[in-house]
Structures are given as structure tokens and as C-alpha cells.
Amino acid sequence: MNPLLQDFNTPPFSKISNEDYKPAIKKGIEIAKAEIDAIINNTEQSTFENTTVALDFSGEKLNKITSIFFNLNSAETNDEIQKIAQEVSPWLSEFGNDITLNQDLFKRVKSVFDAKENLDLTPEQTMLLEKQYKSFARNGANLKEADKTKLREIDAKLSKLSLKFGENVLAETQAFEMHLTDEKDLAGLPESEKEAAKEVAKSRDKEGYIFTLDYPSYIPFLTYADNRELRKEMAIAAGKKAFQDNEFNNEQVVLDIVNLRQKRANLLGYKTHAHFVLEERMAETPEKVIEFSNNLLEKAKPAALKEFENLENFAKKLDGIDQLQKWDGSYYSEKLKKELFDLDQEALKPYFKLENVIDGVFEIASRLYDLKFEEINNIDKYHDDVKTYNVTDANGNFVSHFYADFHPRKGKRNGAWMTSYKSQQIKNGINERPQVSIVCNFTKPTATKPSLLTFNEVTTLFHEFGHALHGMLANTTYNSLSGTSVSWDFVELPSQVLENWCFEKEALELFAKHYETGEVIPMKYVEKIKESASFHEGMQTLRQLSFGLLDMQWHGQDPSEIKSIKEFENAAFENTKLYPDVAENCMSTAFSHIFQGGYSAGYYSYKWAEVLDADAFEYFLEEGIFNKEVATKFKDNVLSKGGTEKPMELYKRFRGKEPKPDALLRRAGLI
């Protein structure tokens, strides 16, 4: 029997083989179609219950199967899984279209929608109905048959192209290695980085040291390696991912994606892809996003130019460098930071043993939201690295299962993310609790040392855990409105707000303890962490805004005339550029966020959410960072509510007023 088609609570990873996926997904689609047919063939008049709710609960089996499959395609993939993904993605986008373009189903949904004034619905029910109606309208339900066919073709192509984009980036990431055998070339690198590089070489049956484009290898190399030529080689290799004359080139893929997105938007009656996307976001229009970005840019740019000039003078004074290049930024920033704050990232690492940081984030969640985490070994996992936990509340009630997967390995994509295997919902009177997972790529333990995190990795862990809390504490009736199913520019609020605790003495004292001596992190370090948090904030802000504006350029206008990706990108960066351009590099061909990860016309939302998070955390600072009353308001109005109401309404209920950018600008030292 196919384990994916059995009834299971948590995913039966150890029983699944690659052969199981395709038949299970096929069968899942069949079951879901039968559920949809039952709604359509119901002879009774359409009601909220027999149509809206029935539709929301349909496809559960398929969702369970596909969430396992696509989560593994990101965290534990191989050639075979990637090949299956290429095959099943068009099936799923076809099935999605079968639903949204089904005229009989839309008729029923529309008749409930048209009668909504007389239905006496709760805000959550109203939101579900509106979201459902819009998902049909925004996917072509009101189109003529010929246009529906065009839409299907576009969607099938897009789903394949974004997979292709990701596979090319992964292939390019894995194809590069810098193999060093001369100790001199390692000058400046911390012992832990050398040890890690040695272990990579050993795993590849080579002598010496191997550095790769995986972040835990690449970032430290650019930050610490004294050899400028090698830094240059590394930076250029990273910057030309999928922009080389080989089979993994993404230039045409990018042009195809943006042109198809534009066609799709036009077909649905929108001016551009950005207009289509933003209609459903807090920001509402591309004009608002551009105004928001330019407003911040105006505040940040003078600071960024000044910071850059200081950095350039510092590099000149130190090493006689006349012109700072992209491969110099992290290196001299780290040195300048050390000089200004006497803060050595390496000196901090012993205080951030991974296990202690995990305990710390659990303790903070316990103080704020009364959660308890217990590691368990009685549920299946997909890799030995994965840790599994039971999450309960103050009364011992089960809240969630939690999976955590922390270290890089072959077959796992770069970066860090939160995902879920099952969303929370209330069905037949039973509150079905979620299964939430975070996946990261932190420095591995070595033969002599445990996994010691950089401070940056600590904030990443808190960030993903903030998303996880949003999933775990979900308490809504309908799964499509549950947890992180909120508008995209609101989804980063819970994750980004939690990062703030990493900078507070009261919180750090709970977990930042030296892994050998148990000594609590010295206060001078904490003060320096805080001081240095706004170091180069102008440059950082400029960088984030430049990515968001590039995204808007790709998606906020008709892209059909664009011939050269490189020229287009340079023009988009004109107003935010600090470093000289590198001819053989291109950002867009590896900009996975917007061409594979769902952030198209949405990259601005990181900064947007920072405005929300700084404003929200200022409330905690006023009342105390472990203040139960504020925490409960945040839990009740934001974390548990999912997408049941408009985000601005939820935010105002928590905060008492709309957010202003002042808190962010204060925190960043820009005003």
C-alpha cells in the first residue's frame, strides 16, 4: 500500500519511497476532484455551509501529500525528486485551474457571494467568502472560454519555468568549489571556518580545504579572508550564478517569466503583474509601494553615502585601496566594526551554542505565550538532523508538532524558511492542531566544537521561529485563513518582531552562555551588539530598497521591450548604487525570491514589515519586553488570528493606532 494514501497524522517519512509520490499525487487529485463534484452536483441551493465551507475543506488529502513532497524537494532533494517535481507541477497547476475555471462551481460560489448581505456572517466567514470569490475572479472565472484556455497555458508554463529557475541556481551553487591547499591563502579566516572547509574537502576525498557558495562557507570567506584576489574570485562566482554561457543560464527564463506574468495580468484586466499582486496586499498599489520605498530611500541615502565614504577611507588607510569593490564590503565592514565597537563576531560565537539558543527561544516563547516545548522521538523524520518537539500550553493542552532542521547538506537549498505539513483548522467541532517546521543552514558541529552560531544566525533562528509561532498559535476555523495565510506584507511581522529580543539584555541572559564555562555573555558585548545593530544601517536599507525597487521594475511595467537583463538591471539600480558594477555578474538570474519563491512584486514587504515590527516592538519596550498584557494582545490579535480580518484592523487592535515609520528610523539611527 502507498503510505501517502493511508490515513496518517504526522508524515510517515521513513515509509515513503520516491516511487510513491506520483501515484499518490494522481490519486489525491482524483479524490479532490470528487469532493469538488459533490459540491457542484448538490441539488440543494448554494449555502455558505454546503459551498463555501465545503470548498475550503476540500483537497485535504492532496494538500497533505504535496506539502510533504515539496517540503522535501527543498530540504532533502535529489535528481529523482527534482524530476518528479517537473512532472507533477503542471498537473497541480492544471488541477488548480480546473477548480478556479469551473463555471458550475463558480456559479455556486458567486450565488453565496451575491447573497452575503443577508447571511449574517461573522468577520471570519465574510473574509473566507470574499477570499474565495476573489480567488476565482483573480484566476479567470469571469473570462471567456478562449481566454481561460490561454490562462491555463500560461500557468502551466510558469510553474515549469520557476522550477527550472530554481534548479539552475542550485546547480550553479553546487558546481563551484574553491579548493585551497596553501595555508597562506587562508590568512584571516577563523579556525572554525578552516575546520569546516577541511571537513568539506575530506568529504570530497581531497586534501586541503574546500569553500563553496553555500552561505555558511561563502559569507565567512568574504568577511574574513585577507587574500583580496580569492575574495574576488568567490564573489564573482556567486554573482554570476545562472548568468554564464552554459546550460544553467537563467536569462531567457527570467524574460519568459516576466512576460508571461504580464500577459496573465493583462488577460485578467490588470495593467501589470504588480497591480494584480498588490490588490490583495496591505500596500494595495505599485504607486504606494514606490512612494513608500522612495520615502525611506530619501532618509537612508545620505546616511548610506556617508557610511560608504567612511568605509572607503578606512580601506584606503588600512590597505591603500583606492576603489572599494563588492568583494571588499563585508571584509572592511567587519574590520571597521571591530575597530569602532571592538566587537569580534568570532568572540561572540562561543556564547551562541545552537542548543542553548534553541532553549532560549523556547524560554522566551514560554514567558510571552505560555508555551512548553518537549523534544520527542516518537514521530517520523526525514533526516537524522531533524529534531522533533511536542508543543503544549500552560494547561498541558496540545498546541502543535514542531520540526527543526538546522544544518546544510547536499540536496538542501540555501537560506532559511518556515513551512508546515498541516494547517490548523476547526472541523466537525474538533480543533485540529498544526504541524510546523523550520529549516535553516547553520554551521555544523565539528569534531572538536559544537554548532556555534554567528549573531546573524541567531537572529535568523529567531526570525524563522517567529513565523513558526504564527503557525503554531493559529486558532481559526478555516485552514485557508489559518496561521501564516495572511497578506504577504503582513506575514513578516511575527518573524521580524521576534528578532528584537536578541538585542535585549533581559532576553540574552536567558541563553547566551559560554559553551565551555557557562559564563553569561558579558554586558559589554550586549551593549556593543546593540550599538553595532545600527552600524551601516543606511547601506543595509539602501540594499534592501534596491532589491524591492528592482522587483517593482520587473513587475510594475510592460517588460516586452526588455532585451538585455544586465542593462535593465543596471538602470534599475542607478539610484541605489554604491559599488562599481561587475560586468560578469547579474542579480536577477539568481534572484530566487521573486522568480521562484513567491515574492514577485512583494520584495518591498521586508521593509514594510520592518516598519510594523519596529512600531510593535516599541510597545513592548514601553511596557517591558516580557509584559504579559502586551504579549497577550499580540497573540490574540495577530498570532492567533491568521488572515481572518484585514491586517491593518488586526494591527490597530493590538497597537491602538496605525504604524508610523518613525520607530524604524529611530532604531536604525537614521533620525
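Seven aromatic residues, Trp-501, Phe-617, Tyr-619, Phe-620, Phe-634, Tyr-651 and Phe-654, come together in one cluster. That makes a handy place to start a walk through this structure, which is a predicted model. Rings turn up in pairs elsewhere too: a search of the whole structure finds 49 aromatic pairs.

Take Phe-106 and Tyr-133 as one of those pairs. Their ring centres are 5.7 Å apart and their planes meet at 25°, so the two rings count as stacked, the cut-off for stacking being under 30 degrees. The partners come from distant parts of the chain, with Phe-106 in helix α5 (residues 103-114) and Tyr-133 in helix α6 (residues 123-137), 27 residues apart. Phe-106 counts as buried because its relative accessibility is just 3%, and Tyr-133, at 15%, counts as buried as well.

Back in the cluster, Tyr-619 and Phe-654 give another kind of geometry. The centres of the rings of Tyr-619 and Phe-654 lie 5.4 Å apart with the planes at 55°, so this pair is tilted. Tyr-619 belongs to helix α24 (residues 605-623) and Phe-654 to helix α26 (residues 647-655), so the pair ties together parts that are 35 residues apart in sequence. Both Tyr-619 and Phe-654 are buried.

Some rings have a charge for company. Lys-64 lies over the face of Phe-8, 5.0 Å from the ring centre. Arg-231 does something similar with Tyr-331: its charged end sits over the ring, 3.9 Å from the centre.

Next come the strands. Strand β4 (residues 387-392) is largely enclosed by the rest of the structure, because five of its six residues are buried. On one hand β4 pairs with strand β3 (residues 372-376), the two running antiparallel and joined by five bridges. Here Ile-376 stands opposite Thr-388 of β4. On the other hand β4 pairs with strand β5 (residues 398-405), again in the antiparallel sense, over six bridges. In this pairing Tyr-389 faces Phe-402 of β5. The hairpin of β4 and β5 has five residues between the strands, and Gly-396 in this hairpin takes a positive phi near 80°.

Positive phi values also show up in residues that are not glycine. Ala-242 is one of them, with a phi of about 60°. Ala-242 is found in the loop between α10 and α11 (251-267), and it counts as buried because its relative accessibility is 0%. Ala-601 likewise has a positive phi, near 55°, without being a glycine. The place of Ala-601 is in the loop between α23 (592-595) and α24. With a relative accessible area of 0%, Ala-601 is buried.

Then there is the open space. Rolling a probe the size of a water molecule over the atoms shows where empty space is left. The second largest pocket has a volume of about 710 Å³. Its lining is made up of 26 residues, and those nearest its centre are Val-200, Arg-204, Thr-212, Asp-214 and Pro-408. Several elements contribute to the wall of this pocket: α7 (145-175), α8 (191-203), β2 (209-212) and α9 (215-224) each supply at least two lining residues. The biggest share comes from α8, which gives six residues. As for chemistry, the lining of the second largest pocket has 10 nonpolar, eight polar and eight charged residues.

Two last spots show how sequence separation and spatial separation can be set side by side. Glu-233 is found in helix α10 (residues 228-239) and is partly exposed, with a relative accessible area of 40%. Glu-233 and Glu-509 are 276 residues apart in sequence, and their C-alpha atoms are 41 Å apart in space. Gly-556 is placed in the loop between α21 (537-555) and α22 (565-573). Its relative accessible area of 27% makes Gly-556 partly exposed. Gly-556 and Thr-285 are 271 residues apart along the chain, and their C-alpha atoms are separated by 9.8 Å.

Definitions and conventions:
Residues numbered from 1 in each chain as written. Predicted model: local features only at pLDDT ≥ 70, side-chain atom pairs only at ≥ 80, totals over all residues. Heavy atoms only, no water. 1 Å grid on protein atoms, 1.4 Å probe; cavity = no way out; pocket = protein on both sides within 12 Å on 5 of 7 lines; lining within 4 Å. Points joined across faces, edges and corners; volume = space filled by probe spheres on them. Helix = DSSP H or I, 4+ residues; strand = E, 2+ residues; numbered from the N terminus. Nonpolar A, V, L, I, M, F, W, Y, C, P; charged D, E, K, R; others polar. Phe/Tyr/Trp six-rings, centres within 6.5 Å; stacked < 30°, edge-to-face > 60°. Buried < 20%, exposed > 50% of the residue type's maximum accessible area, 1.4 Å probe, protein only. Lys NZ or Arg CZ within 6 Å of the ring centre and 35° of its normal. Pairing = 2+ DSSP bridges.
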